[in-house]
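Before reading any single feature, it helps to have a learner's questions at hand. The dialogue below takes them one at a time.

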Amino acid sequence: MLNFPHLTRLAEVLLIFAVGFLLLTIWVGYLDAERFSIAVQISAHIGLILAATLVKVAYVLRCIGRHGQQLEV
């Protein structure tokens with residue numbers, strides 16, 4: 001049996017981390033790109049895709065956790 005409150009809390013922490021990672025990759029890859037080497041910029045662009053995916057996964061986990069607790073999603 002799933003522990004829905006724990007899943008919800010884990011998903012919220014993951015969501016915060018993912019949004020922070022997303023903002024960091026946008027900053028490195030686009031806003032301040034001239035300060036970084038091309039290898040770092042490429043890594044930031046790849047990281048941007050991973051961060052966006054992580055945001056979506058964390059949000060779905062949060063929805064599952066809240067639905068399991070019969071709370072508003």
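What follows is a conversation about a predicted model, moving from salt bridges to aromatic rings, the surface and a single backbone angle.

Q: How many salt bridges does the structure hold?
A: A salt bridge is called when a side-chain nitrogen of Lys or Arg lies within 4 Å of a carboxyl oxygen of Asp or Glu, and by this rule the count comes to three.

Q: Which residue does E12 meet about one helical turn away in helix α1, and at what distance do the side chains join?
A: The side chain of E12 forms a salt bridge with that of R9, at 3.8 Å from N to O. These two residues are separated by about one helical turn, because they stand three residues apart in helix α1.

Q: Which other salt bridge involves E12, and where in the chain do the partners lie?
A: The side chains of R62 and E12 also meet in a salt bridge, with 3.6 Å from N to O. This pair links distant parts of the chain, since R62 belongs to helix α2 (residues 38–68) and E12 to helix α1, 50 residues apart. As for its surroundings, E12 counts as partly exposed because its relative accessibility is 24%.

Q: What is the salt-bridge partner of D32, and which residues are joined into one network by shared partners?
A: D32 forms a salt bridge with R35, and the closest N and O atoms are 3.5 Å apart. D32 counts as buried at 11% relative accessibility, whereas R35 is exposed, with a relative accessible area of 65%. Salt bridges that share partners join R9, E12 and R62 into one network.

Q: Is T8 buried or exposed, and which residues does T8 touch?
A: The cut-off for buried is a relative accessible area under 20%, so T8, which has 6%, counts as buried. T8 is placed in helix α1, and leaving aside residues up to four places away in sequence, T8 touches R62, G65, R66 and Q69. With G65 there is a polar approach as well, for a polar atom of the T8 side chain lies 3.5 Å from the backbone oxygen of G65.

Q: How should I read a pair of aromatic rings, and how many such pairs are there?
A: In general, one looks at the distance of the centres and the angle of the planes. The structure holds two aromatic pairs. In one of them, the rings of F17 and F21 have centres 6.2 Å apart and planes at 10 degrees, so this pair is stacked. F17 and F21 are four residues apart in helix α1, which means that about one helical turn separates them; F17 is exposed at 51% relative accessible area, while F21 is partly exposed at 28%. The rings of W27 and F36 have their centres 5.5 Å apart and their planes at 80 degrees, and this pair is therefore edge-to-face.

Q: Which residues make the nonpolar surface patch?
A: L24, W27, Y30 and L31 make this patch, which has an area of about 460 Å². Among them, W27 is partly exposed, with a relative accessible area of 38%, and L31, in helix α1 (residues 4–31), counts as exposed at 62% relative accessibility.

Q: What is the sign of the phi angle of Q70, and where does Q70 lie?
A: Although Q70 is not a glycine, its phi is positive, at about 60 degrees. Q70 lies in the segment after α2 and counts as exposed at 75% relative accessibility.

Technical notes
Residues are numbered from 1 along each chain as its sequence is written. This is a predicted model: local features need pLDDT of at least 70, side-chain atom pairs count only at pLDDT 80 or more; totals for chains, interfaces and linings use all residues. Side-chain values use heavy atoms; hydrogens and water are left out. Patches are made of residues with over 30% relative accessible area and no salt bridge: like charges are joined within 9 Å, nonpolar side chains (Val, Leu, Ile, Met, Phe, Trp, Tyr) within 5 Å. Accessible areas come from the Shrake-Rupley method with a 1.4 Å probe; for residues, only the protein chains shown count as cover. Buried means under 20% relative accessible area, exposed over 50%, partly exposed in between (1.4 Å probe, protein chains only). A polar contact is a pair of N or O atoms within 3.5 Å; within protein, one must be able to donate a hydrogen and the other to accept it, and residues adjacent in sequence count only if both atoms are side-chain atoms. Contact means heavy atoms within 4.5 Å. Rings of Phe, Tyr and Trp (its six-membered ring) pair if their centres lie within 6.5 Å; planes under 30 degrees apart count as stacked, over 60 as edge-to-face and the rest as tilted.
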